[in-house]
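Here are a few notes to read alongside the structure. Have it open and turn it as you go through the points.

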Amino acid sequence: MTRALHVLAEHQAVQQRLREEVQGVCKEHEEMSWDTLTSLSFLDAVVKEVVRLYPPVYFWVRTARADSTLPLLFPVTGTDGRVIHEVPVRKNQNVILGLGG
């Protein structure tokens, strides 16, 4: 919430557009229902952008339940010159997933 307020304070045009969207809905409805709140498309976009820029969690740690392989979107070349297309993961091995964008 704090990050969202900070971003809105830095971007006055976004803040104004969001205020107009919310005020427009408040004029039409006495109470803001969940359906009404979720229909605010610009509010949805602002929240998604703030979470993208400032994720509440920067990484997840997961433990493999079975042997598996993770395919790579883009192959990489190892230090020995081999091209790697997938990464093997053993059962009970921890995998760290970075979420920062």
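**Notes on the pocket and the helices**

1. Let's start with the largest pocket, which has a volume of about 250 Å³. Keep in mind that this is a predicted model. The pocket's lining is made up of 13 residues, and the ones nearest its centre are Met1, Ala4, Leu5, Val47 and Val50.

2. Which helix gives the largest share of that lining? Helix 4 does, with 5 residues. Helix 1 and helix 4 each put in at least two residues.

3. Now look at helix 4 itself. It has 13 residues, and from its first C-alpha to its last it reaches 18 Å, close to the 18 Å expected at 1.5 Å a residue. Phe42, Val46 and Val50 are the residues to find here, as they are buried in helix 4. If you look down the axis of helix 4, its buried residues fall within an arc of 70°, so they line one face of the helix.

4. Here's a handy bit of background for that pattern. An α-helix has 3.6 residues a turn, so residues three or four places apart point the same way.

5. What do the buried residues of helix 4 pack against? They pack against helix 1 and helix 2. Flip to the face of helix 4 turned away from its buried side and you'll find the exposed residues Ser41 and Lys48. Val50 is worth a second look: it is buried in helix 4, and it is also one of the residues nearest the centre of the largest pocket.

6. Next up is helix 2, running over residues 12-28. Its 17 residues reach 25 Å from first C-alpha to last, close to the 24 Å expected at 1.5 Å a residue. Leu18, Glu21 and Val25 are buried in this helix. They cover an arc of only 60° around the axis, which puts them on the same side of helix 2.

7. What covers those buried residues of helix 2? The cover includes helix 1 (2-10), helix 3 (34-38) and helix 4 (41-53). On the face turned away from the buried side, helix 2 carries the exposed residues Ala13 and Lys27.

8. Last, zoom in on Thr36, which lies in helix 3. Is Thr36 buried or exposed? It counts as buried because its relative accessible area is 11%, and buried means under 20%. The Thr36 side chain makes a polar contact with the side chain of Ser33, at 2.9 Å. Setting aside neighbours within four places in sequence, Thr36 is in contact with Val25 and His29. Val25 is one of the buried residues of helix 2.

Conventions
Residues are numbered from 1 along each chain as its sequence is written. This is a predicted model: local features need pLDDT of at least 70, side-chain atom pairs count only at pLDDT 80 or more; totals for chains, interfaces and linings use all residues. Side-chain values use heavy atoms; hydrogens and water are left out. Helices (H or I, at least four residues) and strands (E, at least two) are DSSP runs, numbered from the N terminus. The expected span of a helix is 1.5 Å times one less than its number of residues. Buried means under 20% relative accessible area, exposed over 50%, partly exposed in between (1.4 Å probe, protein chains only). The arc is that of the directions from the helix axis to the C-beta atoms. Contact means heavy atoms within 4.5 Å. A polar contact is a pair of N or O atoms within 3.5 Å; within protein, one must be able to donate a hydrogen and the other to accept it, and residues adjacent in sequence count only if both atoms are side-chain atoms. On a 1 Å grid over the protein atoms alone, a cavity is a set of points where a 1.4 Å probe fits but cannot get out, and a pocket is an open set with protein on both sides within 12 Å along at least five of seven lines; lining residues have an atom within 4 Å of a point. Grid points are joined across faces, edges and corners, and a volume is the space filled by probe spheres set on the points.
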